[in-house]
Each structure stands twice: as structure tokens, then as C-alpha cells.
Amino acid sequence: MFAGGASFGAVQVGQLRALARTDIRPDMVVGTSVGSLNATIVAENPELAADRLAAFWSKIRREDVFGSHLDTARRVMSGQANAVDPTALRNFIETAIEARTFEDLAIPHTAVTCDFDTGEVVPISEGDLVSAVMASAAIPAVFPPVERDGRRLVDGGLVANVPISVAAAQGAQTLVILDCGFTLVASEKNATMFSNIARMAAIMAAQQVRNDLEKVTDRTVLYLPGPWPITSRPDDFARSTDLSASAYELTMEWLADLKVSGTGRYGSAPSDSLAKKV
């Protein structure tokens, strides 16, 4: 399963490249936010996904997702409900993926979203694919909600940034978790609106991960490592290649020592380091 984390999604590229060197292959994928986009590319063609994602992530710029800083400033100053025009994000998603419906995918995929009116987790696994990925990545106050089937849907990271519970509910017995380390986003002294939103989401995500991990102790959970904590901002894509390379090396080392002997968790979640020491 693929967690959310904006530009930190580059970590998943390295993790996937390492997994491609093993016999681990997905029967299905579940993704939240940027993880839903990465998961879509995996679901289109699992065998080619690592190479496709590596090439794709090496070219991403902030403007490709969030538009220009000037346009964002104008929208904020004019009091608009969302800081970013979603046109760039839609174009970005449509360029990244070839499929247009879930039914076009080679393996089942679920994009995790949140109902902005009720706060419910809304998994989407059928119908229009682009709008589902858009909704899964629609950070409130940054992007507008996506209207679909009578609901206003936003970023699934609000309720399931690491979609452990969604995958478990779908019957997954072995959970391979590709986290982005978003739960370790640090607070900033000279915070901006975006950094405050990111920190708020990180706090909620950390609590969600702890709660969900307690509910899947009867399953095999492979929690892949990453370069935690990431010091760049979630909207800064300049370090994508470095993050991917670091994640690849760490995951390769971890897999070399991995010995699965039954159910339980193998590996540490980034949020483990936030737990209070007694």
C-alpha cells in the first residue's frame, strides 16, 4: 500500500525498485494522495512500474502540481477557498497515467479519499480513474474538493494517509507498506499556510498509523524503510532523485536481512520515533 506525502512520494520509487529485485508481487494496490498516483502506475503494469516511476519522478517540478507561486499568492490575497487552481494537478495526473478507468488496470487498485462533509473514509475502486486520483490528492484549502457521486471528496490523508485499515478491510493478509515519512514533517518557526497544513496533516497521520497497526497484529506487515526524517518540504520536488536513491539503498539492505517467520510487523513505521519514551 502507498501512503500520501506529496513530494515525499519519491521515496516509494526507491522502495519499488528494491522490491522489483525480489519475488514480492502485488495482488492489489491501495493508495492515498500521491500514493494513489504511484499505485495507479503500478496497477497499470506491475512489471514495468519501477522504471516508469523512476523516469517520471526525475522530471517533476513544483509548478507541475501546484502551479506558480504568483498565482497562489493572488488566490490567497483574493480570499478564494482554495489556494491552488486544480488545472495543473489534473494535467499532471492525465500525463502520468495511461488508463482512464479502474477497469483498464491490470490489477485491482483502490484510491482512498475522504468525504469532506461527513469525514468518512471513501475508497474508490471503480469508474473514472482521473477524478478518483484527483480527489485522493485534493488537500483541503490547497485544492478544491472533487464532486463525485453526490459527495465532496478530498485528500484521503485526512483519515487514512497510510491506508492500512482500507487494505485490511479488503482482505489483505500480507501488507507491504510503502510509507513516505510524512508523519515526521517538522514544525517551522517561520511557518507558512502550506507548512502549517502539512504539520497538521502529519500529526493526524501519525495517530492514524499507530491505531491501525494495533488492529492488524494477526497479519504479516512488511513496513519498508526510508530516509527519515526528510528535511525538505512536501511541496519541494528538487530532491526526488536523491530521496529515491536513499530509499532504494535502505530497502535493499533491509530486505537482505528480512526473515519472515509468521504474522506480525517487520520493520518500523516513521511514526514509531514519535512515541513517548517511558
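Reader: Which residue lies over the face of Y248?
Author: A charge counts as sitting over a ring if NZ of Lys or CZ of Arg is within 6 Å of the ring centre and within 35 degrees of the ring normal. Here R17 takes that place, at 4.1 Å from the ring centre of Y248. Keep in mind that this is a predicted model, where local features need pLDDT of at least 70 and side-chain atom pairs count only at pLDDT 80 or more, while totals for chains, interfaces and linings use all residues. Residues are numbered from 1 along each chain as its sequence is written, and side-chain values use heavy atoms, with hydrogens and water left out.

Reader: How many aromatic pairs does a search of the whole structure find?
Author: A pair of aromatic rings is described by the distance of the centres and the angle of the planes. Rings of Phe, Tyr and Trp (its six-membered ring) pair if their centres lie within 6.5 Å; planes under 30 degrees apart are stacked, over 60 edge-to-face, and the rest tilted. The search turns up four such pairs. In one of them, F56 and W57 have ring centres 6.4 Å apart and planes at 80°, so they are edge-to-face. Ring pairs also link F56, W57, F92 and F237 into a cluster.

Reader: Are F56 and W57 buried or exposed?
Author: Buried means under 20% relative accessible area, exposed over 50%, and partly exposed in between (1.4 Å probe, protein chains only). F56 is buried because its value is 17%, and W57 is buried at 4%.

Reader: Which residues have the most contacts inside the largest nonpolar core?
Author: In soluble globular proteins, nonpolar side chains tend to be buried together. A nonpolar core is a set of buried Ala, Val, Leu, Ile, Met, Phe, Trp, Tyr and Cys residues joined through side-chain atoms within 4.5 Å. The largest one here has 68 residues, and F56, W57 and F143 have the most contacts inside it. A second, separate core has 19 residues, including A160 and L175.

Reader: What does F56 touch?
Author: Contact means heavy atoms within 4.5 Å. Not counting residues up to four places away in sequence, F56 touches L37, I41, F92 and A96.

Reader: Where is I93 found, and what is it in contact with?
Author: Helices (H or I, at least four residues) and strands (E, at least two) are DSSP runs, numbered from the N terminus. I93 is in helix α6, residues 87-96. With a relative accessible area of 1%, I93 is buried. Leaving aside neighbours within four places in sequence, I93 is in contact with L37, V130, V133 and M134.

Reader: And where is the place of T40?
Author: T40 belongs to helix α2, residues 34-44. T40 counts as buried because its relative accessibility is 0%. Apart from neighbours within four places in sequence, T40 has contacts with I97, L105, H109, L129 and V133.

Reader: In which sense do β2 and β3 pair?
Author: Two strands pair if DSSP finds at least two bridges between them. Strand β2 (residues 109-115) and β3 do so in the antiparallel sense, over four bridges. One bridge partner in β3 is I124, matched with A111. The two strands form a hairpin with five residues between them, and G119 in the turn has a positive phi of about 80°. Along β3 (residues 121-124) the side chains alternate: V122 and I124 point to one face and are buried, whereas V121 and P123 point to the other and are not.
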